[in-house]
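These entries record what I looked up, in the order in which I examined it. I began with strand pairing and then turned to packing and to enclosed and open space.

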Amino acid sequence: MKQSDLFPQNQPAIIAALHLPPSPAMRSENALTIRQITDYALRSAEKAARAGVPALYIQDLGDQPVSKTILPHTVAFLTTVGAKLREEFPQLALGVCTMAHRAREPLAIAQAIGGQFVRIKVFTGAMVKAEGILEGCAHEAIRYRAEIGAEQILILADVHDRTGMPLGPLPLVEAARSAAVHNRADALVLTGSSFEESMRMIAEVSAADLGVPILIGGGADENNIGQVLQSARGAIVSSSFKPAGGWTKESMLTEWDEERMRRFMRAAGLAI
């Protein structure tokens, strides 16, 4: 995949983050069977396609608490769901983002399902998160991508991901430069603790002109997406597509609302 395919000229990049319900391996009260989760994903992708969303990625958000390493059942689970999505919706750009932090597994899953991109939350530097201290994996990601012949899979790298705190943080622009220039990320994802902070971060990094697209990683909705697209190349969206907001068990299991998705896409100038 060329960068221009996910980020076409004169068109914003809107990527839907498809947060999957808990898998059977979690043994939680909300766990669904793989078939039920696959059906959930297919319903969601159908709404996205009808609303004009051009890209989505799958993420095992429901599988909590988060492991420090990606476990075999996660690879199997995401590959099963992703392969079915690719089969049924070949027109969508498809990506992978894993809750646990690694480089190889997301790339391997993406290659196996015919995906076009991965999102990696700790690409450079180090972060303190709920599961402990996580170290950047840029070298492993770039080398492994080449090793398996998957250079067409784009790497969307978070900078100062809001789900953790940087350990010995670099200034924002230098952290972004490290990811994009020195470590070859194909795009950067910026997300502050609030929408206003996210916009300040995007403005600061955009001014550095690092030569890669910048996405807002959260907080975009139908009311502010116009403002976002004045500075960023696009947005990663999920919560704004749901009628139940916030990070609760209910919201994680709530499906996207197609009318909300259509309103968002119209506000982004991508209505069909």
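Entry 1, strand pairing. I looked up the partner of Val118 and found that its bridge in strand 7 is to Ile155. The model is a predicted one, and I read every entry with that in mind. Val118 belongs to a pairing in which strand 4 (residues 117-120) and strand 7 run parallel, joined by four bridges. I then checked strand 9 (residues 187-190), which also runs parallel to strand 7 and is joined to it by four bridges. Within that second pairing, Leu156 has Ala187 of strand 9 as its bridge partner.

Entry 2, burial of strand 7. Which residues point each way from strand 7? I noted Leu154, Leu156 and Asp158 on one side, and Ile155, Ala157 and Val159 on the other. In a regular strand, side chains alternate between the two faces of the sheet. Both sets are buried, Asp158 included. Because six of the six residues of strand 7 are buried, I describe the strand as largely enclosed by the rest of the structure.

Entry 3, the second largest pocket. I recorded a volume of about 210 Å³ for this pocket. It has 18 lining residues, and those closest to its centre are Thr124, Gly125, Ala126, His160 and Ala175. Strand 7 (154-159) appears here again: strand 5 (126-129), helix 6 (172-182) and strand 7 each give at least two residues to the lining. By class, I listed 10 nonpolar, five polar and three charged residues in that lining.

Entry 4, nonpolar cores. How many residues does the largest nonpolar core have? I found 70, and the residues with the most contacts inside it are Ile14, Leu18, Leu20, Leu56, Leu85, Phe123 and Leu188. Helix 2 (residues 34-51) supplies the largest share of this core, seven residues. Another core of 16 residues lies apart from it, with Ile15, Ala17, Val189 and Leu215 among its members.

Entry 5, Leu85 and the cavities. Leaving out residues up to four places away in sequence, I found Leu85 in contact with Leu18, Ala41, Leu42, Ala45, Leu56, Ile58 and Leu94. I then counted the cavities of 30 Å³ or more and obtained two. The second largest cavity holds about 40 Å³ of space. Leu85 is one of its lining residues, together with Ala45, Leu56, Arg86, Phe89, Leu92 and Leu94. I classed this lining as six nonpolar residues, one charged and no polar.

Definitions and conventions
Residues are numbered from 1 along each chain as its sequence is written. This is a predicted model: local features need pLDDT of at least 70, side-chain atom pairs count only at pLDDT 80 or more; totals for chains, interfaces and linings use all residues. Side-chain values use heavy atoms; hydrogens and water are left out. On a 1 Å grid over the protein atoms alone, a cavity is a set of points where a 1.4 Å probe fits but cannot get out, and a pocket is an open set with protein on both sides within 12 Å along at least five of seven lines; lining residues have an atom within 4 Å of a point. Grid points are joined across faces, edges and corners, and a volume is the space filled by probe spheres set on the points. Ala, Val, Leu, Ile, Met, Phe, Trp, Tyr, Cys and Pro count as nonpolar, Asp, Glu, Lys and Arg as charged, and the others, Gly among them, as polar. A nonpolar core is a set of buried Ala, Val, Leu, Ile, Met, Phe, Trp, Tyr and Cys residues joined through side-chain atoms within 4.5 Å. Buried means under 20% relative accessible area, exposed over 50%, partly exposed in between (1.4 Å probe, protein chains only). Contact means heavy atoms within 4.5 Å. Two strands pair if DSSP finds at least two bridges between them.
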